[in-house]
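You asked for a quick read of this one, so here are my notes as numbered points. Have the structure open while you go through them.

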Amino acid sequence: MGRVYNFSAGPAVLPEEVLQEAAAEMMDYKGCGMSVMEMSHRSKEFDNIIKEAEQDLRDLLNIPDNYKVLFLQGGASQQFSAIPMNLMKNGVADYIVTGQWAKKAYQEACRYGKAVKVASSEDKTFSYIPDCSDLPIDDDADYVYICENNTIYGTKFKTLPNTKGKTLVADVSSCFLSEPMDVTKYGVIYGGVQKNIGPAGVVIVIIREDLIRDDVMEGTPTMLKYKTQADAGSLYNTPPCYGIYICGKVFKWLKKQGGLEAMKERNEKKAKILYDFLDQSKLFKGTVVKEDRSLMNVPFVTGDKDMDAKFIAEATAAGFVNLKGHRTVGGMRASIYNAMPIEGVQKLVEFMEKFEKENA
């Protein structure tokens, strides 16, 4: 059937150009006679791949020199433990819970110290971002934690919380590289790459150097110490080599598109097409308050479970796949990451218009 329009929340659509390049290099990477899948992570070739990937990421985000970039494994979920283990000096951390993943991170942190839920939007099924301008931040909080874009619920922090001088830690898995960011406002930025950057299996951590230390929580596994990974340049053990190689190609693709300013503009245009339709539709409606809408994940419903199921089935048959909402919320969700072309969103809206007419 050829390529479909893939609206999956992750693992998600990758740029076709990147996939074609990887296919061309699959058997023989740049004349070395083997695939990146087969090469030693200690080889000169791979050393170039990981160093270049890091430099391109630094260029894209203007990452200052006093931040380290780590390419790790274990997904964002493993960072839920690594963060408190490495950063809880006073044994206290404040969490802003705006979705499933922030909630899981908070629950995990409770195992390692006093995690405090300073704000939450659970009262309205996480359909908004709470006001974070004046939170009861603990005096001895080691950090304040957010999930910046909530994949399941389709909300996004448009203004970062006022942490009252405390270190900000952000899970950016589903908005990574979708727009420019001021890295200096964060102590730690991390994200699984399988939504907006690469294949599953890599998590990128960008961490300020003063937060990388030896005196971490008693019992922290060697592999979960940021110092272990930073000192070894992400090569303490065999890293997810092939995944890092694809991420590197995506960074180059992003540079070629004009960088993150250009991506932001394109992402806003894409999201507007879908949100504008949802706002005037009689059948479909968005589930998020307007001012907190994500540019990456757009949840919507018809209000009727059977109609939702019918829509998903017909959309799938028409080549619009993975539109089923997360099992915790139902309905539909279109994830429109960087690699989703604008015509994918236009065609989806055309299909939705047609479906609405037929099912009015």
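1. Does Lys-310 count as buried, partly exposed or exposed, and what is its relative accessibility? Before the answer, a caution: this is a predicted model. With that said, Lys-310 counts as partly exposed, at 36% relative accessibility. Lys-310 forms a salt bridge with Glu-314, and the closest N and O atoms sit 3.9 Å apart. Both residues belong to helix 8 (residues 305-317), where they are 4 residues apart, about one turn of the helix. Glu-314 is partly exposed too, with a relative accessible area of 28%.

2. Next, a network of charges. Glu-52, Asp-56, Asp-59, Lys-252 and Lys-255 are joined into one network by salt bridges that share partners. As a general point, side chains of opposite charge can pair when their charged atoms come close. For the structure as a whole, the count comes to 29 salt bridges.

3. Now look at how two helices meet. The axes of helix 2 (residues 44-61) and helix 6 (residues 241-256) come within 9 Å and cross at roughly 40°. That angle makes helix 2 oblique to helix 6. The crossing of helix 2 past helix 6 is left-handed. On the helix 2 side, the contact is made by Phe-46, Ile-49, Ile-50, Glu-52, Ala-53, Asp-56, Leu-57, Asp-59 and Leu-60. Helix 6 brings Cys-241, Ile-244, Tyr-245, Gly-248, Phe-251, Lys-252, Leu-254 and Lys-255. Sorted by type, the residues of this contact divide into 11 nonpolar, 1 polar and 5 charged.

4. Which parts does the salt bridge of Lys-114 and Asp-138 tie together? The closest N and O atoms of this pair are 3.7 Å apart. Lys-114 lies in strand 4 (residues 114-120) and Asp-138 in the loop between strand 4 and strand 5 (144-147), so the pair links parts that are 24 residues apart in sequence. Lys-114 is partly exposed, with a relative accessible area of 47%, whereas Asp-138 counts as buried at 16%.

5. Here is another pair to click on. Asp-279 forms a salt bridge with Arg-293, with the closest N and O atoms 2.7 Å apart. Asp-279 is in helix 7 (residues 259-280) and Arg-293 is in the loop between strand 11 (285-286) and strand 12 (297-301), so this pair ties together parts 14 residues apart in sequence. Asp-279 counts as partly exposed at 39% relative accessibility, while Arg-293 counts as buried at 11%.

6. While you're at helix 7, find Glu-261, which is also found there. Glu-261 counts as exposed, with 56% relative accessibility. How far apart are Glu-261 and Gly-2 in sequence and in space? They are 259 residues apart in sequence and 31 Å apart in space, going C-alpha to C-alpha.

7. For a buried spot, try Thr-155, which sits in strand 7 (residues 155-156). Its relative accessible area is 0%, so Thr-155 is buried. Leaving aside neighbours within four places in sequence, the contacts of Thr-155 include Thr-98, Phe-126, Tyr-128, Asn-149, Val-288 and Ser-294.

8. One of those contacts, Phe-126, deserves its own look. Phe-126 has a positive phi of about 55° although it is not a glycine. You'll find Phe-126 in the loop between strand 4 and strand 5, and it is buried, with a relative accessible area of 4%. Asn-62 also has a positive phi, near 50°, and is a residue other than glycine. Asn-62 belongs to the loop between helix 2 and strand 2 (67-72) and counts as exposed, at 64% relative accessibility.

9. Two last items. Gly-10 and Pro-11 are joined by a cis peptide bond, with omega about -10°, and Pro-11 is in the loop between strand 1 (5-6) and helix 1 (16-25). In helix 4 (residues 100-109), the buried residues are Gln-100, Ala-102, Ala-105, Tyr-106, Glu-108 and Ala-109. What covers them includes helix 3 (75-87), strand 3 (92-97), strand 4 and strand 5.

Conventions
Residues are numbered from 1 along each chain as its sequence is written. This is a predicted model: local features need pLDDT of at least 70, side-chain atom pairs count only at pLDDT 80 or more; totals for chains, interfaces and linings use all residues. Side-chain values use heavy atoms; hydrogens and water are left out. Axes are lines fitted to C-alpha atoms, for helices over the stretch in contact, and angles run from 0 to 180 degrees between N-to-C directions. Angles under 35 degrees count as roughly parallel, over 145 as roughly antiparallel, 65 to 115 as roughly perpendicular and the rest as oblique. A crossing is left-handed if the near helix is turned anticlockwise from the far one by less than a right angle, and right-handed if clockwise. Contact means heavy atoms within 4.5 Å. Ala, Val, Leu, Ile, Met, Phe, Trp, Tyr, Cys and Pro count as nonpolar, Asp, Glu, Lys and Arg as charged, and the others, Gly among them, as polar. A salt bridge is a side-chain nitrogen of Lys or Arg within 4 Å of a carboxyl oxygen of Asp or Glu. Buried means under 20% relative accessible area, exposed over 50%, partly exposed in between (1.4 Å probe, protein chains only).
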